[in-house]
Every structure is written in structure tokens, then in C-alpha cells.
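Me: I have a model open and would like to learn how to read its packing. Could you walk me through it?

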Amino acid sequence: MPGSPTGGAYSTGIPGGNNKSLSRNTMNRISVSAMYSMAAEADVEVDDDLAKAQKRLRDLKSKISSQSKKNFVLERDVRYLDSRIALLIQNRMAADEEQKVQEHLDEVDSGDGQHLDDKKMTAYGNLFFLLQAEPRHIASLCRLISMAEIDILLQTVMFTLYGNQYESREEHLLLTMFQSVLSAQFETSTEFGSLLRANTPVSRMMTTYTRRGPGQSYLKSVLSERINSLIEHKELNLEINPLKVYEQMINQIEEDRGSIPDNLPRGVSPEVAAANPDVQGIILPRLTMLMEIADSFLSTIIDAMETVPYGIRWICKQIRSLTRRKYPDASDFALCSLIGGFFFLRFINPAIVTPQAYMLVDGVPNKHPRRTLTLIAKMLQNLANKPSYSKEAYMMSLNPFVENNKKRINEFLNSLCDVGDFYDNLEMDQYMTLSKRDFKINITLNELYVTQDYLLKHIDTLAPSDKHHLRLCLSELGSAPPQVPRKENRAIDLPIFSRWETPVQDITAQLMSDNNVTKNDILFQETKSIFVQLIRSIPQLADRRPINLANLAERAATAKDAMLVRKGIKVKEMLRELEELKVVDSRDNYRLMQEEVSAELVHLGNMKEKVSVEAKSLESVFKTIGDHNNYLRSQLEQYKSYLQNVRATSSSKDKASTPVGVTAVGGKEKKPAKSTVLGPYRFTHAQLEKEGIIMESNVPDNRRANIYFNITSPSPGTFIIGLHYKGRDKAILEMDLGLDDLLEKQKDNNVYLDLEYVQLNVPKVLALLNKVFGKRK
């Protein structure tokens, strides 16, 4: 969000700050000041260090917004293909279903594709301006569509319609839509316990919102270091489930002694395991350590409250406000459980449990740290919600952590809600929007057609009146075209504007008439803005303090640069006019204006530092999102390779469909087609270890140089991995692998492939197989 001036009679805080004590008239004057301050900050004619830093920051934000949308689309594709793996494995996929899968693997063609004529472009531009500027339509639509339809609408809403994730107007309009969605959710709820719990389009929308750039930035800055320091301790086992601890204990005894004592049988009940004194002795110190780690996570989150994105805090505020209105007798703990349900359950905990999916860590954490992170997330969840131990009774042992931190977490969740509203800022942004006609959104053809189709399906509910603007826009467009094939689904820059409102040519006059702002206020702020621009253009003129404004104006008016001359002459005339109006006085060297300009320069100086810090943080976020994009693309490549193997196998079966021994027409026996054996391809232990394919190895260090692996593909989709020792003819061990088995392991988040002597990383094995054999078919 843009900054605001500090100091002086017209100063204000950040958007949404605490301005309750200010009068409406004062607030209006402040918002005018803020507008001119924004203009001074973003002056395109200035090329100082601040302007360069701001341009770099804007470019980063634009790239993050664009990349976030690409990742969302890829994640949706991966989810869809995951759901089809079972059919692929069982070879029961129909031809039309196989075509759908193929479409999800096709790259989008950036060529010409379909074109929209000017009339259609204008009609779609009117429709999407209306949807963006009046969020209630989308809010209503989200409640009407099914879970199967929500993802593509979320793509359009979160990453296209309000896709500029760092632009205040779009962010505020999106939050206004959330307010409408949440209000309807609370109105229709019948039980307190069911609020925001179910997996609905609304809950999916809230989760998707947290995955946008600002949310990703917060998670990386707050949780990444804490999680990485934990997963460094690969062997730290903090398992507290008595049954698992018991099994691990007797496995260790068997390994050490060669047998299990008679008094420690396998397959005992959870109660027997929990009653074992040795198990209790193992668990007790682990409980203490778990509570210490959870406390450190909680402290980190609480200490970083001020860095939580404004939008997420504002949603928390709406949840609290709506709950109080719907259930006025609800306890503070009950209120906080709903807030925590959103903040922890949908935002914080998924990143703790699967940090690799949020790119907070490099690779998948090892088994023990992964389990510890899961336990930490459960502890935070129990802290933010009423604990339920019906399924995991052993978690009751961690109840002291919950009891000791109840007050602390409730204070945090309430403080999280203490942010101001943005309605005055949104009003200003809307004025600025109406003064322009160059607003565009980057949208694909299918996003246009699907949104139009959803709206038409529910038009009677969304716009019952024939004169409703939404109905008129849709009538002009007619029926929704069918979706185009993925390859033709190109993106277009769609200019959006309203056909019902005349652009405000003179925004100053509009602000004055609507907000009781005087001409003197406007003139003063505009004069200050030009002086700030001049100093940014020729900073040496401001070296002497106090700043000689008359001299500054004269120097600019007589400069060789035409732009400076124009501004210098204009500001001299404005100073004279202000003096005639008795707003400033030349006898005290325009002291009031001097102070305002100096305060604005201090603000801009501080702002440069903030911009640089923010840019550095966002560079890390952009890299993270880019890495995630590469990971998703590699997954799609694996699916593509698998689909090709399925087709190759299917084709081979078709050619050999006559069983051996059965006489075909013509009296000749048809022989099955032979598969081409690919490989073996050889890899050393060091090579696979370096590439992260070997996750754990039991091979002694002094023998690893003599170990190598041969990988062969006797038929499409099947592989043999052999572990060999130099000098020996036969493999020490061989494992037959099916590509479908590996994909199923990956689908179930089982990253380990056990080869007895080594454990391999499933996603990296898939990538290796795809790399080696995908090109040799």
C-alpha cells in the first residue's frame, strides 16, 4: 500500500491506522494530503534513488502477482492429474478422459488463437469492471457454485480480477468481497460449531487468499528460519505416540540383542504400550522438549504480529465482529477459536506440516523432523481451538502447553484483529480510478467464458431486475462461448471501464464537492507536492536548511531543463497566490510550507530505506515462488512421461491382442510385439548422493567408492534398479519398479524408496527416470 506523509498539519498514519479521534472533515483533508503525497512519491518525471528503488519494487510485485497465478494454475493441474492416477494405473481410462488429461499437460500456445472483435472487447471490459468495482456480485456467485467449479473462479478472482496483490484498490475491493461472503456464511449458519469448519467454496477461497504473495512473504520471513533450524537435527526422535514408541523400542532391542524378550510381545494395544515403564521413561523428556519447541514457534509468531499482512488481519477482524453480532453471548475463548481456526488452521499450520510445499525448506524434511513438525502444528491447533483428544489420546500429555498459553494466545488473536478499516482509502482509490481510462487486466479466454457461463447460470439470483447493470452487460454479450482447447487458451490484456459513469476529468473539483475540502487546501498540497518533486530532481538545492523555497523556485524557473522550468514558473505563481490568500507569508520565508516540505522529505527518506528492505524481502519471495513453479513443472513432466508410457503399453497390447497359441485369420499365429530393452545406465553412489537421490545410506564410507547402480527399462513403464559392487558379476540386490508404483508413492507423499542398503528420494528418482529414459524411447 502506498505510504503516507508524516509530520505537519496534514499528516496521517498508514491506511487503516487508528484515526478514530479525528473528525470527518479533518480526515477528508488528510486524504487529500495523502493523495498528493502519493503523487510526490510516485512521480514518473523524477529519477532519483527512491524512484529507482520504487520501480524495482513495482516490477518485483508485478512479477510475484503474475508468477502466483501461474503456480495456482499448475497446482490445480497437478491436483487434477493426481486424482486421475488410479485410472491410469488400472488402465481403465476412457478415450475422452485421456484427452482431458492430455489437455492438462499441453503447453498454452502463445500464438494468435481466437480473437475478440472491438465490440466484444468493450462488452467484456464493461462486465469485468462491474465485477471488480462491485464485489458483491462475485461474493454471491461464490456461494452459488459447486466445489467442482470453484477453482477456476478462484483463479479469475484472486489472480486476475484482483490480481495486483500489492495495489491498495484491488486489495481493498477483494477484502470487501470477503466481507460479503463471510456475512452470508454467518447469516446462514445454524450452529456455532459449524462456522468456517466445512470444506466449502468459501473456505477454499480463504485458504487460497493466504497463498498470495503477501502471505507467502510473511511465512518465509517468520517461519523459514525456525523450521530449518529444527530439521537440521535429522536424528532427533520426539515421537510420543506410545504404540509407535513401543514398536521402535523393541525393534532397537532386537537389532542390538538379536531377539526380543518374552515380556515384550509385538502387536500390543495402545493401552499396554502406554503402561510400559520404559516407554513412559522415553516419552517424558520428549514431552518437555516438544513443549519448548512449540513455545519457541509460538513466540516467533506472536513477536511478528506487526508483519502479518493487513488483509489477513482484517479477515480475522471480520470473523470476530460477525461472531459477536451473531452470537453476542459467545465467550472470548469461543471467539478466539474461530479466529484461530482461520489464522492457524488455514494459514500457519499447513506451512509447518509441509514446509516443502511452501518452499520454506530445500527438499522434504527427514522422517523424525517431519513428525516433530506435525506434532507442533497439532499443539498450535489445540491451542487455538478447543482440544479434542478422542482420536489421539496421547496428545493429552501436552495439555500443560495448552493451559499455560491460553491467555497468551487469546491476547494475540484479539490483537491480530486490531486494525483499522480502509473505506476512506478505498473511496480515494475509486476517485483515482474514475480519473483514468487505462486500467487493464490480463485474462485468458477461458476465464472470460467460464465466468460469463457461471454468471448466466445464476443470473436470476444475481440480478433479478431487467434494469440491473449485470444483466444488461450479460445480455449484450449473449450466450457464453464454449471453452477453447488449452493450447488456444491465450491471455489478452482487457481494458476495463464503466459504461455508466463519466470519468472525473477534474478530480480536484470532485474531491472538493464531495468532501468539503477548500480550494486553499488543494492549492497548498499541490504546491508542496511540486516543491518536493523539484528537490528530488535537484537535491543539491536542499542542502541548506531551512530550505529557501523562493530561491528553489527561481533556480528551477531559470534552469536549462524544460520540465524544471515549467514546474519552477508554476510553483512561483502558486506561492504568490497562497500569499494573497494569507495561507503563507514571504516575511517568514514561507515557514509553514518549509516545515511541510521538510517533513515530506523526511518521510521520503525513511521510505527509501523501507522500499529497499521490502524489495530485498520480496526478491526472496519471488525466488521461492519461482522454485515452486519449477517443482510443479517437473511434476507435470513426470505425468507426461507416464501418460506416454501408458499409451506405448496400450499400443503394444493392441498389436499383440491375439493370445499366443490362438490361430488368427489366415491360419498363422500372431506373435506379440517385442519390447525394446533400454539400458543399463550406470550411476555411482557418489553421483546419486550428490544429486540428493540417495537420502540415507547404510553402506560404509570406505566401500561407497566401489558401489554403483545399473538402471534398465525392459518395457515401457517398468524398471530394474540393480545395486552392484565392483569386481562382482552379479548384483548385490535388484528391485523391479513400476512407474505407476512410484507415482502412487508420490501421490501419497511417501518420499522414501527402500533398497535395503540405501533409501532413495521418490520424486528425484522419478525425475531421473524421466530424464534418462524419456529421451530414449
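**Helix packing and a small-talk tour of a sheet**

Reply: Gladly! Start with contacts, meaning heavy atoms within 4.5 Å: Gly215, Tyr218, Leu219, Leu223 and Ile227 in α9 meet Phe343, Phe347, Ile348, Ala351 and Ile352 in α14. By class, this contact has 9 nonpolar, 1 polar and no charged residues. Here Ala, Val, Leu, Ile, Met, Phe, Trp, Tyr, Cys and Pro count as nonpolar, Asp, Glu, Lys and Arg as charged, and the others, Gly among them, as polar. This is a predicted model, where local features need pLDDT of at least 70, side-chain atom pairs count only at pLDDT 80 or more, and totals for chains, interfaces and linings use all residues. Residues are numbered from 1 along each chain as its sequence is written, and side-chain values use heavy atoms, leaving out hydrogens and water.

Me: At what angle do α9 and α14 pack?

Reply: Angles run from 0 to 180 degrees between N-to-C directions, with axes fitted to C-alpha atoms, for helices over the stretch in contact. Helix α9 (residues 213-231) and helix α14 (residues 332-353) pack at about 50 degrees, their axes 10 Å apart. That makes α9 oblique to α14 (under 35 degrees is roughly parallel, over 145 roughly antiparallel, 65 to 115 roughly perpendicular, the rest oblique).

Me: Which strands stand at the edges of the sheet?

Reply: Strands (E, at least two residues) and helices (H or I, at least four) are DSSP runs, numbered from the N terminus; two strands pair if DSSP finds at least two bridges between them. The open sheet has the order β4-β9-β8, with antiparallel pairing. β4 (694-697) and β8 (752-754) are the edge strands, each with a single partner, so one side of each lacks a neighbour in the sheet.
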